[in-house]
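Reader: Could we go through this model together? I should like to begin with the charged side chains.

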Amino acid sequence: MAPHRYTASSSAAVKSETAAGAAPPGPYYGEPHRFDASFRGPVHRRSCTDILCCLIFIIVILSYVALGIVAWLHGDPRKVLHPTNSYGQFCGQKGTPNAKKPILFYFNILKCANPTILINLQCPTTQMCVTKCPDRFATYTEMQLQHMLSKSYWEYYRQFCKPGFSNPDKPVSQVLRDEDCPSMIVPSRPFLQRCLPDFITLNGTVTVANRTSFKDALEMARSVTELQHAAKGITGLVDTKELGMKIVEDYAKSWAWILIGLLLSLAVSLLFILLLRFTAGLLLWTTIITVILLLAYGLWYCCMELSRLRHRPGSDVAIVEVGLQTDLQVYLQLSQTWIILLVSLAVTEASILLMLIFLRRRVRVAIALLREASKAISHIMSTLFFPVITFLLLTLCISYWAVTAVYLASSGEAVYRVMSPDVSCHHANSTCNPESFNRSIISTSASCLGSQCLFAFYGGETSYHHHLFLLQLSNLLLGLWLINFSLALEQCTLAGTFASYYWAKRKPQDIPPCPLFSSFSRAIRYHTGSLAFGALILSAAQLLRIILEYLEQKLKGVDSSLSRFILNCLKCCFWCLEKFIRYMNRNAYIMVAIYGKNLCTSAREAFFLLMRNVVRTAVLDRVTDFLLFLGKVLIAGGVGVVAFLFFTKKIPVIQEEVPILNYYWVPLLTVVIGAFLIAHAFFSVYAMCVDTLFLCF
């Protein structure tokens, strides 16, 4: 094997790199100076690797299917989607008495001013399923007085009472004691299938049906502000709903232009990769210089804005104090926003300049690698569309995991918990039995007066229900395993394809026919076990990181510096471990694709090969990754600038075609993020090509 495997048209930088250091390692990694002239690419005669792991993987997949079936038999997603009344019955469920009652009604919404409302949107008051929400103010006392004049008042009021209650003359005190009917009703509207007060702001004042006050069943004056405070545990989502509706409306108006923007990014990404074959040096240096100039302009603009805002009142307010705002102009009027942007741009600019100053020679070698990778992709264009297969596999895996998780979460029988309006009740949130609760000690306890036994969630006492948490963990681990296996399959397939190109003596004549399909077939037929083994190791590390994140959320209220320190140290260690495993797996898959050895042998040989060339590897690998990242940023930023000019009507030729939007940033962010993801999909193939060629070199 010749010491330099690139074609004659490759940059002289690669040759100088080879001449400056040791001879490039041959296919036998233990002997870095030994070359095999007969080696002509990926080994075709190979045997299956990591068979035991392959068998385990197949068994696990079958077990995962069985887990999905069991979850499907026990679970009911309607338990997650539909609200439940105080008896654990679904509102709006077909085939039940509540089939025509899809909305949940709270008997006394004022009791919802309690932290317990955060638990499953439950509230310490009776909850019934109703057909519609009330549209007027009324109290039970008023209804009794008006019932003497006309029965229509009772007919309207009784639809919010417990089913079967038909005694409008029952004393108010007994009705309130037995919770037969609500003490009052207020004009409401359904939100998340729950009746919530219909708040309307008039001249800066919050009202309900144009009223700012009302009377409860005991003829005590109440303000609408009390209602707003009581319902804020749920109505805090109202703004989110309205924002969501506006966003959906913007998408409906601009989807065609968003699609055009994404297609433009697709064409630009493809054109960028194809141009790298002929103008790699010019294009990449142009990209670097363009990014440097854009960052410099950004620094200048940030300084000008800071100077302009220096003496403006209110510009020194912190972003945290402003909170989440849908109008981006609010943040642009704050000095802190521009300071953050200035520091970020300055750090990025300094990093790029330092890289260019100290790594000029390595940048030239990286450009030669990118040029050769572009040639390889231009000869095997089908590799650019292989991520579509990976996307479909990932969609299937994530969908199956999500559906299984929902069915597992909705498995079980109704569990009831004590809900008390008094936060000092020691029995609050403890399990109870609704049939015997009124005769229990809890209901008569002084600290728990007014407490109720209400439905909380679905659980159970069987072995299956007791191990639901472990089943959810298993579902998460298996989902991660399948996702990482799909990514590993893509990497191994692409590595085998580009290795076939690298060792072709005459290009493109000696490139094997259908190299992508051949490499995919080899990976599936011989190396499923190796890919599953590597994916399992990575998935275990990811699962541990997720568990640590879960523990951090649970320990947020614990004021312990030592526990937070230990947790942060563990998170940092496992983050580093995950990155190392991911990097070693990637290089091991390249070796597996070329030589057909098992994962451990391939990982060991890849590790020692990289260690023998540690400086070259560390610098060139990072430089090429950085150059590709700049390409992604340039594509996403360029398309984003065009989209910004379009949606803000700054392109005179087509400004009449711009749709009227609530928030122009909705389609703009969609286009920018979509363009970056499309560029990433193309460049992930490109990056795998570079890594494969580099390891072969």
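**Salt bridges and confidence**

Author: E549 and K571 form a salt bridge through their side chains, at 3.6 Å from N to O. Such a bridge requires a side-chain nitrogen of Lys or Arg within 4 Å of a carboxyl oxygen of Asp or Glu.

Reader: Which helices hold E549 and K571?

Author: E549 belongs to helix α17 (residues 515–554) and K571 to helix α18 (residues 561–595), so the pair ties together parts that are 22 residues apart in sequence. Helices are DSSP runs of H or I with at least four residues, numbered from the N terminus.

Reader: On what basis are these values given?

Author: This is a predicted model, in which local features need pLDDT of at least 70 and side-chain atom pairs count only at pLDDT 80 or more, while totals for chains, interfaces and linings use all residues. Residues are numbered from 1 along each chain as its sequence is written, and side-chain values use heavy atoms, with hydrogens and water left out.

Reader: Is E549 buried or exposed?

Author: E549 is partly exposed, at 34% relative accessibility. Buried means under 20% relative accessible area and exposed over 50%, with partly exposed in between (1.4 Å probe, protein chains only).

Reader: How many salt bridges are there by this rule?

Author: The count is nine. Among them, D135 pairs with R136, with the closest N and O atoms 3.3 Å apart. D135 is exposed at 51%, whereas R136 is partly exposed at 38%. E155 and R158 also form a salt bridge, at 3.7 Å from N to O. E155 is partly exposed at 44%, and R158 is partly exposed at 31%.

Reader: Which residues are linked in a network?

Author: Salt bridges link R545, E578 and R582 in a network.

Reader: Turning to helix geometry, what span does α21 reach?

Author: Helix α21 (residues 665–696) has 32 residues and reaches 45 Å from first C-alpha to last, close to the expected 46 Å. The expected span is 1.5 Å times one less than the number of residues.

Reader: Where does α21 bend?

Author: The bend is at F683, by about 25 degrees. It is the angle between axes fitted to the seven residues ending there and the seven starting there.

Reader: What is the average pLDDT of the protein chain?

Author: The average is 78, and 81% of the residues score at least 70; pLDDT is the predictor's confidence in each residue, from 0 to 100. Among the elements, helix α1 (residues 12–20) has the lowest mean, 41, and helix α2 (residues 51–74) the highest, 92.

Key
Helices (H or I, at least four residues) and strands (E, at least two) are DSSP runs, numbered from the N terminus.
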